[in-house]
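Grab your viewer and work through these exercises with the model open. Try each task yourself before reading the solution.

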Amino acid sequence: MNDLFYLTEDQRMIRDLARKVARDRIAPHAAHYDETESYPTESMRALVDSGLFGVWVPEEYGGTNMGCLALALVAEELGWACAGTTTNFGAHPLGGLPILLAGTTEQKKKYLPRLAAGEFMAAYSLSEPGAGSDAASLRTTAVRTGDRYVLNGAKQWCSHGDHADVITVFVTVDPGKRAKGITAFLIEKDVPGFALGKKERKMGIRCSPTVALHFTDCAVPIEQRLGEEGEGFKIAMQTLDMTRPMTGAMAVGIGQAALDAAAAYAKERRQFGQPIAAFQGIQFMLADMAMQVHAARLMVHHAARQIDAGVRGNTYEASMAKCWAGDAAMKVATDAVQIFGGYGYTREFPVERYMRDAKIMQIYEGTNQIQRMIIAKELLGGGA
Ligand code: COS
């Protein structure tokens, strides 16, 4: 099996660094953080120490400007070790890329260097209790009075929101306008009128906090508005076009971890006088798992490379990559549990965690049903 021949030296270097950090400093703690549903302080420290938070940030703002393929390579390696920690890692570009896409020079100077250094964490908040897949129906309002806006409402499912210093929050200046009313704001954690809400108890990615946000007459100066009024939905969607490959990469990491574990176990576990890997039934399962992971990785890399190459409009490929990789992770992790048999169903082995963690890959950053809607819309154009 050959290494990915198309990676540059820099991309190989960052992938190898992420692999080392993931295997030496993150994987050893993953089961503990999952079991205790606690924040992965040690793992997050390892990410800050290694400088990986700056991968997507331009050099002029203190980052390493390595692009979306590099971000995907890092996300896969981290996803192999701990999907919860990787979700925390991914919330950062998800919250920060909108600043790069739509921020003023002042906003970029204020936030990006701190985000690149890992001194500041960012998060992204689009969803609400009543607005998930139908993101344009969100109801949190921003009313302008003079040179400030007053925000009221509630957001939901904000990954890493309780550890974020700044959250890119999407609200509306006119709910009647749907997407055309949506406006983005940069909300700092200590602004009066902003409060964290319920923290969810989840099936998987348990060391990644998922929280609600509440706004009660929360006044923010106009300088914290990101882009113009009504531009927020496009900023939100353009960001997802850039981060869905990263999320797909995280799913590839989970799939690869499940495949590695299942292949190793199949060579070790003996039944009927031989390793179960000698049975064609197991071999075919492993071969199918390997193909799923490989195809997912190539789709992720293609969508990420489009962004790095400046190709406009990678919506189709980004949704395909996220959808395929999420489905592949779920299938491969489920098959890994099957190969482990009864042992796979216990908490003694990591495959049950991979299976629980894989499930969210089909749900967040747009469910895989929404990805299929986007793919079909792009495919059919205006003709359906
Ligand atoms: N890039 C740029 N602009 C985009 C875009 C993209 N990828 N996708 C949509 N837009 C624009 C459209 O062009 C349209 O603008 P115009 O009216 O000027 O043409 C506007 O945004 C509204 O688009 P659309 O009509 O397609 O919006 P819908 O309400 O039909 O919703 C979906 C589109 C379903 C794709 C969107 O709501 C979605 O992605 N939902 C899932 C949300 C999600 O991923 N949540 C997870 C958050 S992170 S955990």
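**Exercise 1.** How close do the axes of helix α1 and helix α3 come, and at roughly what angle do they cross?

*Solution.* A quick caveat to start with: this is a predicted model.

Step 1: pick out helix α1 at residues 9–36 and helix α3 at residues 67–81. Their axes come within 8 Å.

Step 2: take the angle, which is roughly 25 degrees. Angles under 35 degrees count as roughly parallel, so α1 and α3 are roughly parallel to each other.

Step 3: add the handedness, and the crossing of α1 and α3 turns out to be right-handed.

**Exercise 2.** Now do the same for α7 and α8: at roughly what angle do their axes cross?

*Solution.* Step 1: helix α7 covers residues 280–308 and helix α8 covers residues 315–340. The two axes come within 9 Å and cross at roughly 155 degrees.

Step 2: anything over 145 degrees counts as roughly antiparallel, so that is the label for α7 against α8.

Step 3: as for handedness, α7 passes α8 in a left-handed crossing.

Step 4: sort the contact of α7 with α8 by residue class, and you get 19 nonpolar, four polar and two charged residues.

**Exercise 3.** Find W80. Which helix holds W80, is W80 buried or exposed, and which residue lies over the face of its ring?

*Solution.* Step 1: W80 is in helix α3.

Step 2: its relative accessibility is 19%. The buried class is for values under 20%, so W80 counts as buried.

Step 3: look over the face of W80 and you'll find R23, at 3.8 Å from the ring centre.

Step 4: for a second case of this arrangement, go to F120, where R114 lies over the ring face at 4.6 Å from the centre.

**Exercise 4.** How many aromatic pairs does the structure hold, and how would you label the pair F272 and F279?

*Solution.* Step 1: the count is 11 aromatic pairs.

Step 2: for F272 and F279, the centres are 6.2 Å apart and the planes make an angle of 85 degrees. Planes over 60 degrees apart count as edge-to-face, and that is the label for F272 and F279.

Step 3: check the surroundings of each ring. F272 is exposed, at 79% relative accessible area, whereas F279 is partly exposed at 27%.

Step 4: try F340 and F349 next. Their ring centres are 5.2 Å apart and their planes sit at 55 degrees, so this pair is tilted. Here F340 is buried, with a relative accessible area of 5%, while F349 is partly exposed at 27%.

Step 5: follow the ring pairs outward from there, and you get a cluster made of Y265, F340, Y343 and F349.

**Exercise 5.** Time for the backbone. What is the phi of W157, and what is the phi of H160?

*Solution.* Step 1: W157 has a positive phi of about 60 degrees, although it is not a glycine. H160 isn't a glycine either, and its phi is also positive, near 65 degrees.

Step 2: place them. W157 belongs to strand β3, residues 148–159. H160 is in the loop between β3 and β4, the latter being 166–172.

Step 3: compare accessibility. W157 is partly exposed at 48%, whereas H160 is buried at 0%.

**Exercise 6.** Sequence separation against distance in space: how far apart are the C-alpha atoms of A296 and G248, of W80 and A249, and of V55 and A263?

*Solution.* Step 1: A296 and G248 are 48 residues apart along the chain, and their C-alpha atoms are separated by 7.5 Å. A296 is found in helix α7 and is buried at 2% relative accessible area.

Step 2: W80, back again from Exercise 3, is 169 residues from A249 in sequence, with a C-alpha to C-alpha distance of 9.7 Å.

Step 3: V55 and A263 are 208 residues apart in sequence and 32 Å apart in space, C-alpha to C-alpha. V55 is in the loop between α2 (41–50) and α3, and V55 is buried, with a relative accessible area of 1%.

How values were computed:
Residues numbered from 1 in each chain as written. Predicted model: local features only at pLDDT ≥ 70, side-chain atom pairs only at ≥ 80, totals over all residues. Heavy atoms only, no water. Phe/Tyr/Trp six-rings, centres within 6.5 Å; stacked < 30°, edge-to-face > 60°. Buried < 20%, exposed > 50% of the residue type's maximum accessible area, 1.4 Å probe, protein only. Lys NZ or Arg CZ within 6 Å of the ring centre and 35° of its normal. Axes fitted to C-alpha atoms, helices over the stretch in contact; angles between N-to-C directions. Helix = DSSP H or I, 4+ residues; strand = E, 2+ residues; numbered from the N terminus. Parallel < 35°, antiparallel > 145°, perpendicular 65-115°, else oblique. Left-handed = near helix turned anticlockwise from the far one by under 90°. Nonpolar A, V, L, I, M, F, W, Y, C, P; charged D, E, K, R; others polar.
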